[in-house]
Every structure is written in C-alpha cells, then in structure tokens.
Amino acid sequence: ILMQADFEAAATLNKFQIVGTFGRSDIEAPKETMEFFTSHRHYLLYRPKDEWSIRAGRFFPAFGLNPPDHIIATRRGLGWDQGGETYNVEAAYIGEKFDGFLTGILGRPDKPEYHREKGLAVRGSRSFKESYKVGGSYYYGSNDLGNRHLFGPYAIAGFTRHFFLLVEADLVNTLSKTSPATWGWANYARLDYEIYRGIHVFLTEEINRQNLKDSSTNTD
C-alpha cells in the first residue's frame, strides 16, 4: 500500500524561508490529472530574530508531541491524520529553556466539503538539563458539525543519548450540533532505545477513547 510519496524542498533568503512538498494526493479515485497530485504542506516563514518566527501556509498546528507517525492515538485519534493539514498563521518563540506557539487555524477554505475545523491552538514547554522537557497544549476547533476543545500535558525525557521516553495525554470535549456533548481521552507513550543510528527498539502504549461513557469507542 503506497501511503505517502512526497518530494520536499526549502529555500532561504535572508530572514525568509519557503517550504513546500509535492506528491501523491489522498483522493481515492482521481478524475483529472491534477487530482493525482497535491502539496500536503507548504508555508512562508519569516524569522525577525533567531528565537522568533512567523509562518503562514498549510501545515499541522503545534499541539503536543506531534511525532511523524500519523496513525497513533494522539494524531489519527484526534483527527490529525495524513492529509489533514489546514491553512494556518503561526507565531512561535523557541528559546534555550522555553518555547511557545500560537496558531490561528483557518481550516480549508479551498475545500469546504472537507469540513476542516477553524480555531486556535496554543502550546508551550520548559526544558531542563538539556534533555528533559515538559509542556502543555490547548486546541479549539469549530466547523459546521460542532466544536471541540482538546488540552493536556506532554513530556520528553532523554535519559541518555540513546535512551528516551515520550509521553502525551489529552482530554477531548466534543460539542456536536446533533448529539449530546461527550468527553474523550487519548494518550501515547513510547520508551525507545537506539541500538545503532537509525535502528531502534521500543515499547509503545496507546489509548483512544472517543467517548468515556461508551466503551464501544475504545481502542487500546
């Protein structure tokens, strides 16, 4: 199964950087030639100072760990699967000990039939001893089907250069226009050891409960 096949390129000029991808689209049965291709991620970034940046374009908002594995509970389970990128405007500060992101989410105005959410996301973290980090995230999204709030902590613990732990846990409050409000839960944990550069052994634990009162929505 061909899941993803993208080319990615970036160009930098003084304080500006442009980044873009080009690859196979997520449309199952393309009818026109251009429907075979898409750009999942593209944006223009401006960095007035080393610690500060502003970018605008199509990408995932900063929330939690945001690892590249898109099928895990805190990515696919929260609606941020491959192809789910939205158009956003983001301001970020990345310092030696603190970082913070504020993202305005504009949805997909080019594809309203996707019902992508509009809203905002906030993420911040504090680093300790160079290899430890704790942080928290908040997300609000709204579309014509309803709205939802997501919030929770995350942490990174680098015990050694090759042994580390990733943890994220999020509460989800969904307010639908057609059904009662629900509370859900998603978490992800990964204990990883790098045997050799690029070769890892790891243990993972995932929970995705879309409705805490309905056990049929559980995937552990």
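These legends accompany close-up views of a predicted model, moving from its largest pocket to the strands that help line it.

**View 1. The largest pocket and the residues around its centre.** Let's start with the open space itself: the largest pocket holds about 690 Å³. Its lining is made up of 36 residues. If you want a place to begin looking, Leu-78, Gly-79, Glu-117, Arg-148 and Thr-174 are the lining residues nearest the centre.

**View 2. The character of the pocket lining.** How many residues of each class line the largest pocket? Polar residues number 18, alongside 12 nonpolar and six charged ones.

**View 3. Strands that contribute to the lining.** Here we follow the chain through strand 9 (132-143), strand 10 (146-158), strand 11 (163-176), strand 12 (182-196) and strand 13 (199-209). Each of these strands gives at least two residues to the lining of the largest pocket.

**View 4. The hairpin of strand 10 and strand 11.** Four residues lie between the two strands of this hairpin. Strand 10 and strand 11 run antiparallel to each other, paired over 11 bridges. To find your bearings, look for Ala-155, which sits opposite Val-167 of strand 11.

**View 5. The hairpin of strand 11 and strand 12.** Strand 11 also takes part in a second hairpin, where five residues connect strand 11 to strand 12. What is the sense of the pairing between strand 11 and strand 12? The pairing is antiparallel, and 12 bridges make it up. A handy landmark is Asp-170, whose bridge partner in strand 12 is Ala-186. As you trace the strands, keep in mind that side chains along a regular strand alternate between the two faces of the sheet.

How values were computed:
Residues are numbered from 1 along each chain as its sequence is written. This is a predicted model: local features need pLDDT of at least 70, side-chain atom pairs count only at pLDDT 80 or more; totals for chains, interfaces and linings use all residues. Side-chain values use heavy atoms; hydrogens and water are left out. On a 1 Å grid over the protein atoms alone, a cavity is a set of points where a 1.4 Å probe fits but cannot get out, and a pocket is an open set with protein on both sides within 12 Å along at least five of seven lines; lining residues have an atom within 4 Å of a point. Grid points are joined across faces, edges and corners, and a volume is the space filled by probe spheres set on the points. Ala, Val, Leu, Ile, Met, Phe, Trp, Tyr, Cys and Pro count as nonpolar, Asp, Glu, Lys and Arg as charged, and the others, Gly among them, as polar. Two strands pair if DSSP finds at least two bridges between them.
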